[in-house]
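Visitor: I would like to go through this structure slowly, asking at each step what justifies the words you use for it. Please set each value against its criterion before you conclude.

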Amino acid sequence: MRLLVIQHIACEPPGAYEDEMLRRGIAFDRVQIDEGQALPDWRGYQGIVAMGGPMSANDEQELPWLAGEKRAIAEAVRAGMSYWGVCLGAQLLAASLGARVYRGAAPELGIYDDLALTQDALRDPLFADLPSQLSTFQWHGETFELPDGATRLAGSRAYANQAFVWRRAYALQFHIEVSSDLARRWLELPAYTAELTAADGNDAVDALSARLNELDRIVPIAHTLFSRFIDTIVQPSVVH
């Protein structure tokens, strides 16, 4: 098994998902697409992991490589490829399948306690038996409509579409893979702190910093979900 990891900015790696791949001895190739690295042919892989980034899925004019990435994602998932998209990776999946990606009413930046799983999620092979409401780390100002044929898996009060599945492709708007250490590194980046301050005020960075240890209780859920993704979505396609 070999997975393709698409990383859109150095500070947003797969985190707990990468740890799970390393723990299980799963080979993967990392493409830092924002740095000009070309996407390889997806047909050489058994799954794609697409991570977050500060750009919009609609920024094709400024970032022409986004168009090629969306074409590749559409081809791969329509051909039955396993896909795991996080934040921007979730929005790119929606866009590649013809759904609209657009700016939300207000950004979600920080730790939120209102992610609610749908009844469909409670029957999903990955999300089944998880608590019906979860705490998550969020860092986004855009959202998406569901592609035709998608099943909604989760939503929050501000953003109804927080997760969906389409065939063998999963989209998660939230960052449960981010540990407290990784989040602290985000808060050392001027662009990230400026975004948080602009959204939530001058005390927002200190307020979030005081809560970051909570993330280490969320990360195990990332390991659970991604492990199930490997075992029930990716692995059967490898065997087939």
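Visitor: Why is R30 called partly exposed?

Guide: This is a predicted model, so the values are computed from its atoms. R30 has a relative accessibility of 31%, and since buried means under 20% and exposed over 50%, R30 falls in between and counts as partly exposed.

Visitor: What makes the contact between R30 and E18 a salt bridge?

Guide: The closest N and O atoms of R30 and E18 are 2.8 Å apart, and because the criterion asks for a side-chain nitrogen of Lys or Arg within 4 Å of a carboxyl oxygen of Asp or Glu, the pair qualifies as a salt bridge. The two partners come from distant parts of the chain, R30 from strand β2 (residues 27-32) and E18 from helix α1 (residues 16-24), twelve residues apart. E18, at 15% relative accessibility, counts as buried, the cut-off being under 20%.

Visitor: How many salt bridges does the structure hold, and which residues are joined into one network?

Guide: The structure holds 13 salt bridges. One of them joins the side chains of R43 and D41, at 2.9 Å from N to O; R43 is exposed with a relative accessible area of 53%, a value over the 50% limit, whereas D41, with 45%, is partly exposed. Another pairs E60 with K70 at 2.6 Å, N to O. E60 lies in the loop between β3 (47-50) and α2 (65-78) and K70 in helix α2, so this pair ties together parts that are ten residues apart in sequence. E60 is partly exposed, with a relative accessible area of 35%, while K70 counts as buried at 10% relative accessibility. As for the network, salt bridges that share partners join D113, R211 and E214.

Visitor: How do you know that the chain is as compact as a globular protein of its length?

Guide: The chain, with its seven helices and nine strands, has a radius of gyration of 17 Å, and the globule rule gives 18 Å for 240 residues; the two values are close, so the chain is as compact as a globular protein of that length. Along the principal axes, its C-alpha atoms fill a box of roughly 50 × 40 × 35 Å. Buried residues make up 55% of the 240 residues, and among contacts between residues at least 6 apart in sequence, 73% join residues at least 24 apart. The chain exposes about 10,200 Å², of which carbon and sulfur atoms supply 47%.

Visitor: Which residues touch the most other members of the largest nonpolar core?

Guide: They are W84 and Y170, in a core of 55 residues. Helix α7 (residues 215-239) gives the most to this core, with eleven residues. Another core lies apart from it and has 32 residues, including L93, V101, A150 and W166. In soluble globular proteins, nonpolar side chains tend to be buried together.

Visitor: Why is helix α3 described as largely enclosed by the rest of the structure?

Guide: Nine of the nine residues of helix α3 (residues 88-96) are buried, so the helix is largely enclosed by the rest of the structure. Among the buried residues of α3 are L88, Q91 and S96. The helix is followed by G98, whose phi is positive, near 95°.

Visitor: What makes S56 a buried residue, and which polar contact joins its side chain to that of E142?

Guide: S56 has 8% relative accessibility, and because buried means under 20%, S56 counts as buried. Its place is in the loop between β3 and α2. The side chains of S56 and E142 are joined by a polar contact of 2.9 Å, a value within the 3.5 Å limit. A polar atom of the S56 side chain also lies 2.9 Å from the backbone nitrogen of N58. Leaving aside neighbours within four places in sequence, S56 is in contact with L66, L88 and E142.

Visitor: How do you know whether F127 is buried or exposed?

Guide: F127 has 1% relative accessibility, and because the cut-off for buried is under 20%, F127 counts as buried. F127 lies in the loop between β5 (101-117) and β6 (133-144). Not counting residues up to four places away in sequence, F127 touches L117, A121, L153, Y170, L225 and R228.

Note on methods. Residues numbered from 1 in each chain as written. Predicted model: local features only at pLDDT ≥ 70, side-chain atom pairs only at ≥ 80, totals over all residues. Heavy atoms only, no water. Helix = DSSP H or I, 4+ residues; strand = E, 2+ residues; numbered from the N terminus. Buried < 20%, exposed > 50% of the residue type's maximum accessible area, 1.4 Å probe, protein only. Core = buried A, V, L, I, M, F, W, Y, C linked by side-chain atoms within 4.5 Å. Rg over C-alpha atoms; globule rule 2.2 N^0.38 Å. Contact = heavy atoms within 4.5 Å. Areas by Shrake-Rupley, 256 points an atom, 1.4 Å probe, with all protein chains shown as cover. Polar contact = N/O pair within 3.5 Å; in protein donor to acceptor, adjacent residues only side chain to side chain.
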